[in-house]
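Visitor: I'm new here and would like to learn how the labels on this one are earned. Could you walk me through it?

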Amino acid sequence: MMVGKVWKYGDGVNTDVIFPGKYTYTLKEPSEIAAHALEDLDPNFAREARAGDVIVAGRNWGNGSSREQAVTALKYRGIAAVVAKSFARIYFRNGINQGLLLVTCPEAVDAAQAGDMIEIGLPASLIRLGGREFPFPPLSPTALGIIEAGGLVQHIRRKLGLASTEAVIVSSGE
Amino acid sequence: MMDTVAGTTRSRGYTFAEKALARAAGLPSAAAGQVVDARPDVALSHDNTAAIARIFRAIGLERVAIPDKICVTLDHAVPAPTARHAQNHAEVRAFVREQGIENFFEVGRGVCHQVFGEEALVLPGQLILGSDSHTTHFGWMGAFGAGVGRTEMAAIWATGELWLRVPESIKVIVTGELGRGITAKDLCLDLIGRLGADGGLYQSVEFHGEGIARLSLESRMVIPNMMAELGAKNAWLPPDEAVFDYLAERRARRQKSDVGSQKLDILANAIYPDGDAVYANTHTMDASRIELTVACPHAVDNARPLREVAGTRVHQAFIGTCTNGRLEDLAAAAAILKGKRVATGTRLLIIPASAEVYGDAIRLGHAQTLMDAGAVFGVPGCGPCMGNHMGVPAPGEVCISTANRNFKGRMGQPDADIYLASPAVVAASAVAGVIADPREIE
Ligand code: SF4
């Protein structure tokens, strides 16, 4: 069960405002990447968000570029999860594979207000908010395992008995 | 149909995506929204195989888990245009040799999506995942094809499986018959123009109706290929006798077995949605109302009727790619160019989607007809589709192409305009030197 404060946003938030393209090839340090999270959408976010906070948003969160920093910027900023009405396909996969919990639950999005406390229960697949409960489609053991392991590469290393506590940094290169 | 999914009882049928992913995950059923661990029947990669191999090694493994399911072509920049590309090809060859990957196709065999169909390496009802966004292509035969990232492909090589979210489905019912000179490409551009580049976001797009059954297999291949441009995860067309015959014959030839038993086997594994499946949306298209359609710069959903852009000066006309580089496409172009010449100041580049297509076009005389008209042929593969080599436009030039994407810079030149159209429209435009209606070329 994780509990965090809600940051609420609308529909169609694209990867450019989640993490501006102009930093894509220049910033490498997690702290630098985190400092620009949601810069062009909500300038207060990167300054004021606390570890464990949850983003709640509308439809098609993360549409646009396939850049993985649109996921890692939030993860490095300490965001516990994004709850949305829907996710862009590549963003959703990048999220899970980078170890960020993404939950599709339109009813909870409609009920949530900025500043609310939201609880997300796994593996029960249940959101608690303002005394109400909202079930969401369950994640498979694999998806949960990937999130817990901190990403797909680490997850596979663990699964194959190659686990190490060191993060493995890989670049898909070009 | 009554079933229990995720602890809740539901009384409705299943979509193609729900059935196909349940099968691939070894589950009795699966529902849209559920995440499953699916085991692909085929794992596709191409020139990016070397980059994936580097990620694979970073996982810490020596041997891929599924050498018999991995299929690799060299197609994106072939033959190697630079020393760096040559080095990349060499790494791919070394990797497939080392890993015992037998389904490897050399430079010049053709574009991955076309080749794996010709080789009957993918069958109806199967799951094919590819590190290529147009892996949606395999929906033409009723397979579930989806694109994945490079890290994900490395994960598939390592474990044989990948997590997938079961998508919601859209149903597109195509009624009626396409008019004279109108093709599956026009149908796709029309649909994408109407619904937008995110009109099928994350969804499985199922095509139904007699308008689909009437199409040749080669025309059907255009449709799921183009649905990547609708944001779709996969697309599905109902497999019929024509599909089973095509695959059974090719599989029998490759495996030196008999066609009849191959066909029974393929047929038994085909998957169809239930009549009472639930769809997020249903669209009905009357094929007879579709016009010649062109996608204008710089977005596929910037689709307009050809008549609105007819007369636009064209410097390069390109017929090829996994979308429209097949025999019927070259035949359509040859029918228009027979006895005519490509306009002065315009060049026509033709890149067959595969060596088989090229051979057939030579045997049937289309290649000679096209060359007599002034067309130039390139080695089967992706050609200039994504700007790697062989046909990059100059700044300020206009290219009309049969490909599936016209994003700014897609063909290697950000300062060029790319229009997308059917092979007949591209051929007519090559003759006229401007964007032209093939029905008006005399
Ligand atoms: S022909 Fe174009 S769209 Fe098709 S696989 Fe090659 S680069 Fe991709």
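Guide: Sure, let's start with a pair that spans two chains: A:Arg93 and B:Glu152 meet through their side chains in a salt bridge, 2.5 Å from N to O. One caution: this is a predicted model, where local features need pLDDT of at least 70 and side-chain atom pairs count only at pLDDT 80 or more, while totals for chains, interfaces and linings use all residues. As for bookkeeping, residues are numbered from 1 along each chain as its sequence is written, chains are lettered from A and ligands numbered from 1 in the order in which they are written, and side-chain values use heavy atoms, leaving out hydrogens and water.

Visitor: Why is the pairing of B:Glu152 and A:Arg93 called a salt bridge?

Guide: The term asks for a side-chain nitrogen of Lys or Arg within 4 Å of a carboxyl oxygen of Asp or Glu. B:Glu152 and A:Arg93 are 2.5 Å apart, N to O, so the pair fits the rule.

Visitor: How do you know that this pair joins two chains?

Guide: B:Glu152 lies in helix H5 of chain B and A:Arg93 in helix H5 (residues 89–97) of chain A, so the link runs between chains. Helices here are DSSP runs of H or I with at least four residues, strands are runs of E with at least two, and both are numbered from the N terminus. Both B:Glu152 and A:Arg93 are buried, a label for under 20% relative accessible area, with exposed meaning over 50% and partly exposed in between (1.4 Å probe, protein chains only).

Visitor: How many salt bridges are there between chain B and chain A?

Guide: The count between the two chains is 2, while a search of the whole structure finds 27 over all chains.

Visitor: What makes B:Arg23 partly exposed?

Guide: B:Arg23 has a relative accessible area of 38%, and that falls between the 20% and 50% limits, so the label follows. B:Arg23 also forms a salt bridge with B:Asp41, with the closest N and O atoms 3.1 Å apart. B:Arg23 sits in helix H1 (residues 16–25) and B:Asp41 in the loop between S3 and strand S4 (42–45) of chain B, so the pair ties together parts 18 residues apart in sequence.

Visitor: And why is B:Arg363 called exposed?

Guide: Its relative accessible area is 64%, and the label needs over 50%, so B:Arg363 qualifies. B:Arg363 forms a salt bridge with B:Asp360, at 2.6 Å between the closest N and O atoms. Both lie in helix H14 (residues 355–363) of chain B, 3 residues apart, about one turn of the helix.

Visitor: How much area is buried between chain B and chain A?

Guide: About 2400 Å², of which carbon and sulfur atoms give 62%. Buried area is the accessible area (1.4 Å probe) that two parts lose on being put together, summed over both. In chain B, B:Val35, B:Ile59 and B:Trp163 lose the most area to chain A, together 26% of what that side buries. The contact (heavy atoms within 4.5 Å) takes 29 residues from chain B and 28 residues from chain A.

Visitor: What makes S4(B) and strand S5 of chain B a pair?

Guide: Two strands pair if DSSP finds at least two bridges between them. S4(B) and strand S5 (residues 70–73) have 3 bridges in the parallel sense, so they pass. They belong to an open sheet of 5 strands in chain B, ordered S6-S5-S4-S7-S8 with parallel pairing. Strand S6 (104–105) and S8 stand at its edges, each with a single partner strand, so one side of each has no neighbour in the sheet.
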